Amino acid sequence: MSVLLKTRVTAVGPEVADLAEGGVVILFADGAPPELAEVSILHAVEGKPSDETPSVGAAIHIGDVSASITGIGDYAWQKVKDIGHVVITFNGSDQVERPGEICASEIDTAELVSALKVGTTITIG
């Protein structure tokens with residue numbers, strides 16, 4: 001499967017670890033407003049996101065942590081393409097609660113927190 005998004009973490013907000021411990025990661029492209037940056041992983045996309053929306057089963061890699069997409073909201077990929085924003089919830093659900101959300105398989109949240117640092121590569125595809 002091809003890589004639909006490749007991006008590099010440029011900053012980690014002070015509240016990101018608490019959210020990640022609960023299985024939630026919020027991505028926002030560099031330049032996010034300060035109130036959003038506090039809870040977000042800021043990132044710089046390499047190239048540009050694919051026009052192709054990822055399907056259920058597509059892989060998400062955050063550094064060495066891997067998961068599979070289990071559900072994707074109606075507007076999630078469009079928001080990735082438009083403003084580099086998406087909420088990824090690692091709960092294994094096939095039902096997304098918000099249209100801008102991607103659900104993914106459950107993972108070890110301690111490993112996720114460790115992976116969330118400046119320079120980490122995130123890929124979807």
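Here are some numbered notes on this predicted model, from the strand pairings to the salt bridges.

1. Let's begin with strand S1 (5-12), which has two antiparallel partners to look at. S1 joins S8 through four bridges, the two running antiparallel. Within that pairing, arginine 8 has threonine 121 as its bridge partner in S8. S1 also pairs with S3 in the antiparallel sense, this time over five bridges. There, the bridge partner of alanine 11 in S3 is leucine 42.

2. Strand S3 (residues 41-45) also pairs with S2, and here the sense is parallel, over three bridges. Leucine 42 turns up again in this pairing, since phenylalanine 28 stands opposite leucine 42. Strand S2 (residues 24-29) is in turn joined to strand S6 (residues 86-89) by four bridges, and those two strands run antiparallel. For a landmark in that pairing, look at leucine 27, whose bridge partner in S6 is valine 86.

3. Histidine 43 deserves a stop on the tour. UniProt, in an unreviewed entry, places the feature "modified residue: Phosphohistidine" at His43. Histidine 43 sits in strand S3. Is histidine 43 buried or exposed in this model? With a relative accessible area of 2%, histidine 43 is buried, because the value falls under the 20% limit.

4. What surrounds that histidine? Setting aside neighbours within four places in sequence, histidine 43 is in contact with Thr7, Arg8, Val9 and Thr10, with Leu27, Phe28, Ala29 and Asp30, and with Gly84. Glycine 84 is worth a look for its backbone too: glycine 84 follows H3 and has a positive phi, near 65 degrees.

5. Turning to helix H3 (residues 76-83), the buried residues are Ala76, Trp77 and Val80. These three lie on the same side of H3, because they cover an arc of only 100 degrees around the axis. In general, an α-helix has 3.6 residues a turn, so residues three or four places apart point the same way. Which strands do the buried residues of H3 pack against? They pack against S1, strand S5 (65-72), S6, strand S7 (101-104) and strand S8 (121-124).

6. The largest nonpolar core contains 28 residues. Those with the most contacts inside this core are Ile60, Ile62, Ile88, Phe90, Leu112 and Leu116. Leucine 112 makes a good example: leaving aside neighbours within four places in sequence, leucine 112 is in contact with Ala20, Val25, Ile62, Val65, Phe90 and Ile107. As a general point, nonpolar side chains tend to be buried together in soluble globular proteins.

7. Now for charges: how many salt bridges does a search of the whole structure find? The search finds five. One of them joins the side chains of arginine 8 and glutamate 46, at 3.2 Å from N to O. This pair links distant parts of the chain, with arginine 8 in strand S1 and glutamate 46 in the loop between S3 and strand S4 (59-62), 38 residues apart. Arginine 8 counts as partly exposed at 33% relative accessibility, and glutamate 46 is partly exposed as well, at 35%.

8. Glutamate 46 has a little more to tell. Lys6, Arg8 and Glu46 are linked in a network of salt bridges. Not counting residues up to four places away in sequence, glutamate 46 touches Lys6, Thr7 and Arg8. The C-alpha atoms of glutamate 46 and threonine 121 are separated by 9.8 Å, although these residues are 75 residues apart along the chain.

9. A second long-range pair involves H3. The side chains of aspartate 51 and lysine 81 meet in a salt bridge with an N to O distance of 3.7 Å. Aspartate 51 lies in the loop between S3 and S4 and lysine 81 in helix H3, 30 residues apart, so to speak a link between distant parts of the chain. Aspartate 51 counts as exposed at 58% relative accessibility, whereas lysine 81, at 28%, counts as partly exposed.

10. To finish, here is a pair of sequence neighbours. Arginine 98 forms a salt bridge with glutamate 97, the closest N and O atoms being 3.9 Å apart. Arginine 98 is partly exposed, with a relative accessible area of 41%, while glutamate 97 counts as exposed at 68%.

Terms used
Residues are numbered from 1 along each chain as its sequence is written. This is a predicted model: local features need pLDDT of at least 70, side-chain atom pairs count only at pLDDT 80 or more; totals for chains, interfaces and linings use all residues. Side-chain values use heavy atoms; hydrogens and water are left out. Two strands pair if DSSP finds at least two bridges between them. UniProt positions are given in the numbering used here, feature names are shortened, and annotations may be inferred rather than shown by experiment. Buried means under 20% relative accessible area, exposed over 50%, partly exposed in between (1.4 Å probe, protein chains only). Contact means heavy atoms within 4.5 Å. The arc is that of the directions from the helix axis to the C-beta atoms. A salt bridge is a side-chain nitrogen of Lys or Arg within 4 Å of a carboxyl oxygen of Asp or Glu. A nonpolar core is a set of buried Ala, Val, Leu, Ile, Met, Phe, Trp, Tyr and Cys residues joined through side-chain atoms within 4.5 Å.
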